[in-house]
Amino acid sequence: MMTWENISGNAVSEENLLEMAKEEVRARIAATQKRHRANLCVMIYGEAKSGKSGLALDCRTPEQLDSDCLVMVLDFDNGCEPTWRQNWNSDSNIQILNPVVRDKEGYPILDDTTRLAEAFIAMAKEEIANGKQVKFVFDGVDRWLRICWAAMGVDKRANEVKQPGIAWGKRNKHYEDLIEKITDGLECDRFFITHMKEVFANVANPTPTGKVPNCRSQTMDKMNQVIEVSRFDVGSKANHTATLRGSKTNTELVNKTWTFLTIDNGEVEWNSIKELQEGTL
C-alpha cells in the first residue's frame, strides 16, 4: 500500500490521508459559509497623485475605526507614509512596511526584499488566525513588477527588452508567487494599487494608443472588483473620482462614480466610499 510521510515523520496510509484531506475540505467549506460576505479583492488604478493610496487607507467603517481593526500596507511605492501621517494622525492601527532592500549602489536586492514582504504577509495571516480584523493593502504593484526583473538573472544595468522569453518567465513567476500569497492566502479584504502605462501599436514605429493599468493581465484576472481613480481640474477646483469598472459581487454598481476628494482654493473635502468600507462593492 502506498504511503507518505507526515510532518512528524510517521507513515500515513492512503486511506488516512484521504480522511485528513476530507476534514480539511469540510473546514474550508464551513469557513466560507460562516463569512457574512465574500472578501474584497480590489484593484485600484490611476495616474500619480490621483488619490489611490488615500482611498485604500480609508477602507475601515466608522465602527472599525473605533475598534482594533488593522490596516496593513505593503508599500512598494513608498508613498503611504505621508498620507498616513497627515490624514490619519499616524494611527497605530495602520501598519506600513516598505520592504525594498537595496545594495550599496541603490539597486533592489530581490531575495531580501521578497523575504521581508513574505514575512509581512505572514504576520497579517497570523493576526487573522488570532481573530483580528485585518484589511491588507499592496501599494505599488507596478513597482514590484519592475523589481522582479532581477529574477531574470541578468546584469542589473541591462536593457530588459533584449532578454529571452525564458528570462521573462522567471520574472513573471517571482512576481505572481508573491501576489498569490495575498489573493489566495489572506482571508480578509485586499486592495492592490498600481499606476497606468502607455500601450503602443506598430512595432516598427511605435504609436501610443492609450493607457492601461500597469500590471500583468493575470493579476487583473484575480481581482473581484476594479476601481479607476481620476482627477479632473476646473479652474482652481480639483475633483478626484473613483469609478467601479468591474465587480463580481455587485454588478448593479458597475460604472458608478463617487467624488471622494474635492480641493478648491485650499479647502479640502473628503468623502468616504461606504461601499468600499463595508465590502459591498
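Helix H4 (residues 80-87) lies across three strands, namely E4 (70-75), E5 and E6 (134-139), and runs at about 155° to E5. Helix H5 (residues 110-129) packs on the sheet as well, touching E4, E5 and E6, with its direction at about 165° to that of E4. Keep in mind that this is a predicted model. Here's a quick tour of the rest, starting with the whole protein.

**Overall picture**

- The protein has 281 residues, and 41% of them count as buried.
- Its secondary structure adds up to 9 helices and 13 strands.
- If you take the contacts with a separation of 6 or more, 58% come from residues 24 or more positions apart.
- About 15800 Å² of the protein is exposed, and carbon and sulfur atoms supply 50% of that area.

**The sheet**

- There's an open sheet of 9 strands, and its order reads E5-E4-E6-E7-E3-E10-E11-E12-E13.
- The edges are strand E5 (94-97) and strand E13 (267-270), each of which pairs on one side only.
- From one strand to the next, the twist averages 20°.
- Pairing across this sheet is mixed. As background, strands of a sheet pair through backbone hydrogen bonds, either parallel or antiparallel.

**The E11, E12 and E13 end**

- Strand E11 (residues 237-247) and strand E12 (residues 257-264) are antiparallel partners, joined over 7 bridges.
- In that pairing, Thr 241 sits opposite Thr 259 of E12.
- E12 also pairs with E13 in the antiparallel sense, this time over 4 bridges.
- Asp 264 stands opposite Glu 267 in E13.
- E12 and E13 make a hairpin with 2 residues between them. One to look at in the turn is Asn 265, which has a positive phi of about 55°.

**Aromatic pairs**

- Searching the whole structure turns up 5 aromatic pairs. Each such pair is described by the distance of the centres and the angle of the planes.
- Phe 120 and Phe 136 form a tilted pair, 5.8 Å centre to centre with 50° between the planes.
- Phe 120 belongs to helix H5 and Phe 136 to strand E6, so this pair ties together parts that are 16 residues apart in sequence.
- Phe 120 and Phe 136 are both buried.
- Phe 260 and Trp 270 have ring centres 5.3 Å apart and planes at 70°, so they count as an edge-to-face pair.
- Phe 260 is in strand E12 and Trp 270 in strand E13, 10 residues apart. That puts the two rings on the strands of the hairpin described above.
- Phe 260 counts as buried because its relative accessibility is 0%, whereas Trp 270 is partly exposed, with a relative accessible area of 33%.
- Ring pairs also link Phe 76, Phe 138, Trp 144 and Phe 192 into a cluster.

**A charge over a ring**

- Arg 60 lies over the face of Trp 88, at 5.5 Å from the ring centre.

Conventions:
Residues numbered from 1 in each chain as written. Predicted model: local features only at pLDDT ≥ 70, side-chain atom pairs only at ≥ 80, totals over all residues. Heavy atoms only, no water. Pairing = 2+ DSSP bridges. Axes fitted to C-alpha atoms, helices over the stretch in contact; angles between N-to-C directions. Contact = heavy atoms within 4.5 Å. Buried < 20%, exposed > 50% of the residue type's maximum accessible area, 1.4 Å probe, protein only. Areas by Shrake-Rupley, 256 points an atom, 1.4 Å probe, with all protein chains shown as cover. Phe/Tyr/Trp six-rings, centres within 6.5 Å; stacked < 30°, edge-to-face > 60°. Lys NZ or Arg CZ within 6 Å of the ring centre and 35° of its normal.
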